[in-house]
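Here is a friendly briefing to read alongside the model. Have the structure open and follow the topics in turn.

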Amino acid sequence: MIQHVATNAAAAGWRPVRGHVTNFGSYVVLTEPVPELLREIGWTGGEAVVDGRMFLHYFRATDDGRVLMGSGSGPIGLGGRIDARFTGDAATAARAERGLRRLLPGLAAAKVEHAWGGPIDVSADRLPFFGTVAGTSIHYGLGYSGHGVGPSWLGGQILASLALGRDDEWTQLPLATRRVPTLPPEPLKRLGGGLVRAAVMACEQADEEGRRPALAARAGAALPRVLRMRIGTR
């Protein structure tokens with residue numbers, strides 16, 4: 001029997017891959033319909049936008065004139081477990097709304113009507129990876145790190161070729177053959193990830209406020225780079 005594992009964040013605690021991936025919370029807020037405000041700022045094409053920070057904001061307008069603003073800065077899982085923090089973290093939802101007000105000041109009068117969140121799977125280098133459990137017909141694909149809409153099509157081609165035992169252009173792609181960086185074991189993964197998350201968020205807040213981040217924040221944000229781990233933008 002051929003089996004595929006493509007459950008993203010739900011697989012973060014699965015033994016064959018847990019050393020390469022963890023789960024993060026990602027939250028969005030949705031405004032009331034404000035088509036007149038969107039016309040005033042010239043945002044009428046429904047374009048999706050993302051900023052360049054590590055715990056990014058991602059946002060777009062909907063067909064009925066609402067604005068959805070997301071923040072990928074939610075909590076980190078422990079051992080791959082998914083609990084209530086991933087669907088009820090008011091602090092991350094509040095960060096998403098603050099991002100809405102700061103990045104789109106022309107929407108200051110728009111009321112937020114809904115907020116929700118969920119887990120995403122984040123790989124050690126924020127790139128997806130694919131493979132087969134040794135000695136089995138179980139194939140996996142995960143680690144999309146919140147960017148799965150486009151790469152999931154590519155991932156489907158890779159998984160299809162793996163399932164059929166093919167050696168072709170899909171299974172030879174670097175995403176299917178590369179050596180995936182390893183994260184520290186638990187509880188170091190959760191504790192270290194929490195430290196780096198707090199430091200990066202402090203640096204990003206300082207950037208927003210036009211001031212130099214504190215030394216401790218800069219040191220914590222640089223820790224992955226010092227350890228030669230490519231997990232972010234700092």
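Helix H5 is a good place to begin: the cover over its buried residues includes strand S2 (21–31), helix H2 (90–103) and H6. Contact here means heavy atoms within 4.5 Å. Helices (H or I, at least four residues) and strands (E, at least two) are DSSP runs, numbered from the N terminus. This is a predicted model, in which local features need pLDDT of at least 70, side-chain atom pairs count only at pLDDT 80 or more, and totals for chains, interfaces and linings use all residues. Residues are numbered from 1 along each chain as its sequence is written, and side-chain values use heavy atoms, with hydrogens and water left out.

**Helix H5**
- H5 has 21 residues and spans 30 Å from its first C-alpha to its last, close to the 30 Å expected at 1.5 Å a residue; the expected span is 1.5 Å times one less than the number of residues.
- The buried residues of H5 are Lys 189, Gly 194, Val 196, Arg 197, Ala 199, Val 200, Met 201, Cys 203, Glu 204 and Ala 206.
- Buried means under 20% relative accessible area, exposed means over 50%, and partly exposed lies in between (1.4 Å probe, protein chains only).
- Ahead of H5, Pro 187 sits in the loop between helix H4 (174–177) and H5, and the peptide bond from Glu 186 to Pro 187 is cis, with omega near 5°.
- Just after H5, Gly 210 takes a positive phi of about 70°.

**Helix H6**
- H6 has 12 residues and reaches 15 Å from its first C-alpha to its last, close to the 16 Å expected at 1.5 Å a residue.
- Its buried residues are Ala 217, Gly 220, Ala 221, Ala 222 and Pro 224, and what covers them includes H5.
- Arg 228 follows H6 and has a positive phi, near 60°.

**Where H5 meets H6**
- The axes of H5 (residues 188–208) and H6 (residues 215–226) come within 8 Å and cross at roughly 125°.
- The contact is made by Leu 195, Val 196, Ala 199, Val 200, Ala 202 and Cys 203 of H5, together with Ala 217, Arg 218, Gly 220, Ala 221, Leu 223 and Pro 224 of H6.
- Those contact residues divide into 10 nonpolar, 1 polar and 1 charged; Ala, Val, Leu, Ile, Met, Phe, Trp, Tyr, Cys and Pro count as nonpolar, Asp, Glu, Lys and Arg as charged, and the others, Gly among them, as polar.
- H5 and H6 are therefore oblique to each other; angles under 35 degrees count as roughly parallel, over 145 as roughly antiparallel, 65 to 115 as roughly perpendicular and the rest as oblique.

**Loops worth a look**
- Arg 126 lies in the loop between strand S6 (112–123) and strand S7 (129–132), and has a positive phi of about 65° although it is not a glycine.
- At 23% relative accessibility, Arg 126 counts as partly exposed.
- Ser 145, in the loop between strand S8 (138–142) and helix H3 (151–163), has a positive phi of about 60° although it is not a glycine.
- Ser 145 counts as buried, at 4% relative accessibility.
- Arg 15 is placed in the loop between strand S1 (3–5) and S2, and counts as exposed at 63% relative accessibility.
- The C-alpha atoms of Arg 15 and Ala 108 are separated by 46 Å, with their positions 93 residues apart along the chain.

Notes: Axes fitted to C-alpha atoms, helices over the stretch in contact; angles between N-to-C directions.
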